[in-house]
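Open the model in your viewer and keep the selection tool at hand. The tour stops at one strand, then its partners, then one helix.

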Amino acid sequence: MKILLITPPFTQLNTPYPATPYLKGFLQSQGYDVFQADLGIELINALFSRNGFQELFESIGKGGKKLSPNSRHILRNKEKYIETIDLVMSFLQYRDNTLAQRICNETFLPRASRFDSMPDLEWSFGNIGINDRARFLATLYIEDVGDLIKDAVTPYFGFSRYAEKLGLSAHSFAPLEQALKLPDNFLEGWLLELLQNHIERYHPGVVGITLPFPGNLYAGLKCGQFIKKHFPCIKIIAGGGFVNTELRDLSDPAIFDYLDFITLDDGERPFLSVLQFLQGEKNHEERLCPCERSEAIPDIATRYSPGTAQAERQPARTFPAPGGRGLRGGGNFCFHPPPAPPVQGGEIEDSSESHDGAIQHGPFFTRTFIRIDDAVQFIHNNKEPDFHHAETGCPDYSDLPLDKYLSLIEMANPMHRLWSDGCWNKLSIAHGCYWHRCSFCDTTLPYIKRFESAPAAVLVDRIEQIIAQTGHRGFHFVDEAAPPAVLKDLAKELLKRKIAISWWTNIRFEKTFTEDLCRLLAASGCIAVTGGLETASDRLLKLMNKGVTVRQAAQVCDHFTKAGIMVHAYLMYGFPTQTRQETIDALEIVRQFFHEGLIQSAFWHLFTATVHSDVGINPQKYSCTISDYPVGGFAGNDLVHVDPGGCEHQNFAPGLNKAVYNFMHGIGTDMEIQDWFDFPVPAISVKRNYVKQAIRIHRS
């Protein structure tokens, strides 16, 4: 059985999202034939090319849509964009760095609104940082065209998301379904053409779609819709982060017009169970029949051209049934689910009773939603355990066009650029979070609460395999919180084998990260860490059960900084009972962290209660109430909470973000906190040298 794994648009431009490489590596270890595709980066490369721009501008010209002044400015300079795009893409893909000097010339790139608020380039990049300066300017150029696409083609577009608004707090599936029934726009036509090319070249029997974020959901369902219409014999399995957090109480069967199976949590066991079911290796008799006919496949180039009527259908194309045991008959195949076994509370339990005299039901699925008789059923066989982290195998990045990813610089900040610059190999050194106690986190879900690590030798074996496969020595360890003990063992193993890599990861600011450990990590290749400073208030950190204090975080950041390791801080505002005073004091603490050089970048997140967090489960512990629980049968993770003891947190967002943006550029750390707000705020109640004193006392 051939399997195609796809990542729908969009995730990251600089590096592959790791879901399909992980699943491909595992499935291949089980003997399956697997191909993977990142449709997001393929679509970007198709669109951001000379031919792509020619078709884009032609399509916009025919659209007759009223455009913004910025979009009209870009269209007036379309010939310049068409002439330069292939050169810019070559530079951003590190294929021709000699273009840096030309890109830095003010007359080379056409410029639109993204260039209006540039920082001082001499201050940001100096006289010799030509490549970085050029990469920054080329990023602005790319973002200008992104603004045009959003204005002239579809408001859904974003370089790291598509139609995200439809997936955010989507309690009902109806808005998504309504959007999916609209005609395909210019971008979607190209997307589906890319998908068709993969299917026709590879002839899969199963397509797996990862849905990690709200910004992938619509595009993933659009792919499922296309497959269902034109390749009805292909089975579609979906899973991923969005599914794991949002669809755990799924009851609307409409989504199964676009998908066949939806799996929860770690994908290895559920995906394998579905494959075994389709192949007849489970305790049942699957109903398979030859298709009498195959839906004809239209000519995509004509069918999805904007402004044209649907093309006449081509002769029907058929594909042979995927190989594997249990498939009866020749030609194409269809799968008809067996009659529903006994149901209790919406969950199908194991049964060995025969239905219709032919179907033997048994433990054939693990954490899987299916539709039976137009109702959603959840089937889970807990007798088959998940694979241990050490057993899931090494991620496999083959098939992915690693030379086509773009290295961008969105901000002149060395830490912040790690998210957009460089094709990082993504690898997890442990499963779950070893702390799993933070009250704002989804601590009841397996991706957090089930903690497992793999031996350092196994991890370094995987690192060596990935280097040999990709040729890249940069690693992003994408853990929820990398355990200090595992990092220590990993660093020692890397040094022992003399393997030179650069790596960064997410950590907790806990005292285990001593000066000596930080130096060891730096020696093994650690260049940066990210961690949660959250509300930067000891009272609130204790309330959220973070397990760290502001003083402790400052001391740990000092250890990393002295070892030459950059630090990014995740910040939070709006936690239940947080006051105006605490919000202002938090910004003052953050200012001091920047001023003392303890962190290089940071980002504010507005707190949101979730169904699977302790705040969502026990709101009374945090002096708040949940005003409304999700209804509608579809997504149901985010909650609306009422905080009578708090303040109007949204009012502080512009000032908080403006301050941190400037701090990241080395500006404003000597300014008063009031200067960042256009309304009166309380005077700070913490000492302006609190962080400096914490470091000094610790050092002494």
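Which residues of E6 are buried on one side, and which on the other? Select residues 235-239, which make up strand E6. This is a predicted model. Lys235, Ile237 and Gly239 lie on one side, Ile236 and Ala238 on the other, and all are buried. Both faces of the strand are thus labelled as covered. The count is five buried residues of five. In a regular strand, side chains alternate between the two faces of the sheet.

**Next: the strands beside E6**

Add residues 206-210, strand E5. E5 runs parallel to E6, and five bridges join the pair. Pick out Thr210: its bridge partner in E6 is Gly239. Now trace the chain from E5 to E6; the path goes through helix H12, residues 214-230. This β-α-β crossover is right-handed.

Then select strand E7, residues 261-263. E7 also pairs with E6 in the parallel sense, here over two bridges. Look for Ile262 in E7, opposite Ala238. Ala238 is one of the buried residues of E6.

**Next: helix H3**

Move to residues 50-63, helix H3. Its end C-alpha atoms are 20 Å apart. That agrees with the expected span, because 14 residues at 1.5 Å a residue should cover 20 Å.

Colour Gly52, Phe53, Leu56, Phe57, Ser59 and Ile60: these residues of H3 are buried. They cover an arc of only 160 degrees around the axis, so they sit on the same side of H3. The spacing has a general basis: an α-helix has 3.6 residues a turn, so residues three or four places apart point the same way.

Rotate to the face turned away from the buried side. Asn51, Gly61 and Lys62 are there, and they are exposed.

What do the buried residues of H3 pack against? Show these helices:

- H2, residues 39-47
- H4, residues 69-76
- H5, residues 78-92
- H8, residues 130-152
- H11, residues 186-202

Step just past the end of H3 to Gly64, which follows the helix. Its phi is positive, near 70 degrees.

**Last: the whole chain**

Zoom out. The protein chain holds 25 helices and 26 strands. Of its 700 residues, 59% count as buried. Turn on the surface: the accessible area is about 28,200 Å², and carbon and sulfur atoms contribute 50% of it. Among contacts with a separation of 6 or more, 78% join residues 24 or more positions apart.

Definitions and conventions. Residues are numbered from 1 along each chain as its sequence is written. This is a predicted model: local features need pLDDT of at least 70, side-chain atom pairs count only at pLDDT 80 or more; totals for chains, interfaces and linings use all residues. Side-chain values use heavy atoms; hydrogens and water are left out. Helices (H or I, at least four residues) and strands (E, at least two) are DSSP runs, numbered from the N terminus. Buried means under 20% relative accessible area, exposed over 50%, partly exposed in between (1.4 Å probe, protein chains only). Contact means heavy atoms within 4.5 Å. Accessible areas come from the Shrake-Rupley method with a 1.4 Å probe; for residues, only the protein chains shown count as cover. The expected span of a helix is 1.5 Å times one less than its number of residues. The arc is that of the directions from the helix axis to the C-beta atoms. Two strands pair if DSSP finds at least two bridges between them. A crossover is right-handed if, with the strands pointing away from the viewer, the path from the first strand over the helix to the second runs clockwise.
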